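Hi,

Here is the structure I promised to pass on. Have a look at it first, and then read my notes below.

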Amino acid sequence: MDKVLGVKNLSKVYGPGCASCFELTGPEHDTNICPNCRSVVAAHDVSFDLYKGEILGIMGESGSGKSTAVKCLYFDHEPSSGRATFFDEGRQYDLFNLNAAQQRRLANHRFGMVYQNPHLGLNFDITAGGNIAERLLMSEVDNFSEIRGRATSLLSRTEVLPERMDELPKNFSGGMQQRVQIAKALVTNPPLLFLDEVTTGLDLSVQAAILDLIMEIQQEKDTAMIVVTHDLGVIRLLAGRTLVMKYGRVIESGLTDQILEDPQHAYTQRLVASAL
Amino acid sequence: MNEIPILRVEGYSKHFELHEQGKIIPSSCDVNLNVYSGRLTALIGPTGAGKSTVLKGIYRTYLSTSGRLLYRTVSGHEVDLAQADEHSILELRRTEIGFVTQFLHALPRQATEDVVAQPLFQKGMGRSEARDIAHKMLAAMNLPERLWGISPATFSGGEKQRVNLARGLVSHPRLLLLDEPTASLDPKTTERVVRLIEDLKNDGVAMLAIFHHPDLVERMADDVVELEPPLSIEKVLKEIA
């Protein structure tokens, strides 16, 4: 099996940081704020591997550090320490030691990101089609009809009416905006996709349709995905393996059915027991 | 018998530690058994003896507390399913080890034919080819054709059970774990399932099964393993201390 991503000891601290930050925070201390220097330890010592076509779930409540981990990998945030290696077409990229241009290139060509908030993922000043075209232009496709053609086929694939591709994203419903974001993320055929709480806040029927779409894409294209969510249902449906995070630490990881049926950590047991 | 077993369970035990209640619940205790290709091993014993737990341990839905679950792969390697890394387990589930449980977990919006074809989709088989095989399986299970295109959510218990069985058998695993596969079937369908299991056995599939009916154990089992209810909590605590 092909490894797509290897993450080792990823940490992210907001604030000055001190020698006791890691010692005095975490689930045993019930906080991620260092009592000594008031820095926030958003994520510490996060390690995992991701293989081709695999969906890894990262589960935890708000403030657990699950989004931080993914945002570091997508270069939205700079990690404080740790290593991440991306394996692509026979090459290896040491993600946190690339220069800004190299990072932009990977983010535009080889990664896709779908945010909970469509304002982060879409440019609201340009049309749905324009958003997709922008990403293709950044990845050096500059033939107008090819761009238009790919945008049209992606939008119909994600069930956005192609007739609406020249409308601004603000005219769309929340579910529709997420579909445009997914189309935009997929247009370069990335081998790695990050999904950060993509169905949170949507109607249940819309959630189901978006999750079905994600599953179909994974089966069709064998895309590796990291799905960040607080929703056990999303994890159960999509993820083969799951990491559980609390106060910036991975407290438990395993096969998803094992995490849900035989959770080991007291926190995970409580989480699973409180599912609806 | 001098054949090499496909699965050797050695001293398998499992207890659950419930942090919230501060309790340890013993489930399976010191289970030893062998499973062979082309043969069916039946697990028997009273409720609470940890029969289902053994199956879930082998499938790694439960982590083991102790013991070894030695599985011989198609390439002849021996893997301890209790210790193997998660990617190896996922790969074995995809290609070699199947599990039919008492309950059907399916999306309420997925057609029955796709529920059954799912393991084939995951193996990378094309949609129409996979559905053809699913249709044959559903026909063999005596499930009316008019139901194939709709979700099993509204099916009766017996119908769901047949869908579940069809899905478990469709990918033709080398080792099949069966947890009361005929629990809610009428006598006619039970007979069909019995015949299907016989066919699988003749094809060389190894099976470890729990049947709710002693008759079925008598008819189907080549080997029988009886489990006893676990020791009391105090004894378990003494053991791990």
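How many residues lie between S1(B) and S2(B) in the hairpin they form? There are 4 residues between them, and B:Gly22 in that turn has a positive phi of about 60°. The two strands cover residues 7–18 and residues 23–35 of chain B, and they run antiparallel to each other, paired over 9 bridges. If you want a spot to look at along the pairing, B:His15 sits opposite B:Pro26 of S2(B).

Before you go further, please keep in mind that this is a predicted model. For the complex, the predictor reports an ipTM of 0.89 and a pTM of 0.91. Chain B has an average pLDDT of 90, with 95% of the residues scoring at least 70. As a general caution, coordinates should not be read in detail where pLDDT is low.

Now to strand S7 of chain A, which spans residues 192–196. Is S7(A) mostly covered or exposed? Mostly covered: 5 of its 5 residues are buried. A:Leu192, A:Phe194 and A:Asp196 point one way from the strand, while A:Leu193 and A:Leu195 point the other way. Note that A:Asp196 is buried along with the others.

S7(A) has parallel partners. With strand S6 (residues 111–114) of chain A, the parallel pairing runs over 4 bridges, and A:Phe111 is the bridge partner of A:Leu192 there. With S8(A), S7(A) pairs over 5 bridges, again in the parallel sense, and here A:Leu195 is matched with A:Val227. Add H7(A) to S7(A) and S8(A) and you get a right-handed β-α-β unit.

A:Leu195 is worth clicking on for another reason. Leaving out residues up to four places away in sequence, A:Leu195 touches A:Val114, A:Ile214, A:Met225, A:Val227 and A:Val228. A:Leu195 is also among the residues with the most contacts inside the largest nonpolar core, together with A:Ala183, A:Ile226, A:Val227, B:Val116 and B:Ala166. That core has 130 residues. In general, nonpolar side chains tend to be buried together in soluble globular proteins.

Next, A:Tyr74, which is in the loop between helix H1 (66–73) and strand S4 (81–88) of chain A. Its contacts beyond four places in sequence are A:Ala107, A:Phe111, A:Met113 and A:Phe194. Its C-alpha is 9.9 Å from that of A:Asn108, although the two are 34 residues apart in sequence. Why does A:Tyr74 count as partly exposed? Because it has 19 other C-beta atoms within 10 Å, and a buried residue needs 20 or more.

Two residues in chain A loops have a positive phi without being glycine. One is A:Glu159, with phi near 60°, in the loop between helix H5 (144–157) and helix H6 (174–186). A:Glu159 is partly exposed, as 14 other C-beta atoms lie within 10 Å. Another is A:Asp222, whose phi is about 60°. You will find A:Asp222 in the loop between helix H7 (204–221) and strand S8 (224–229) of chain A, and its 13 C-beta neighbours inside 10 Å make it partly exposed as well.

Where do the chains meet? Between them, 16 residues of chain A are in contact with 13 residues of chain B. On the chain A side, the elements giving two or more residues are H7, strand S10 (249–255), helix H9 (256–261) and helix H10 (266–273). By class, that side has 5 nonpolar, 6 polar and 5 charged residues.

Back in chain B, helix H1 (residues 51–59) is largely enclosed by the rest of the structure, because 9 of its 9 residues are buried. Among them are B:Lys51 and B:Lys56, as well as B:Val54, B:Leu55 and B:Ile58. Just after this helix, B:Arg60 takes a positive phi of about 70°.

Last one: B:Arg127 in helix H4 (residues 127–140) of chain B. Is B:Arg127 buried or exposed? Exposed, because it has 12 C-beta neighbours inside 10 Å, and 12 or fewer is the cut-off for that class. From B:Arg127 to B:Ala117 is 8.2 Å, C-alpha to C-alpha, and the two are 10 residues apart in sequence.

Cheers

Technical notes
Residues numbered from 1 in each chain as written. Chains lettered and ligands numbered in written order. Predicted model: local features only at pLDDT ≥ 70, side-chain atom pairs only at ≥ 80, totals over all residues. Core = buried A, V, L, I, M, F, W, Y, C linked by C-beta atoms within 7 Å. Contact = placed C-beta atoms within 7 Å. Pairing = 2+ DSSP bridges. pLDDT = per-residue confidence, 0-100. Right-handed = clockwise from strand over helix to strand, strands pointing away. Nonpolar A, V, L, I, M, F, W, Y, C, P; charged D, E, K, R; others polar.
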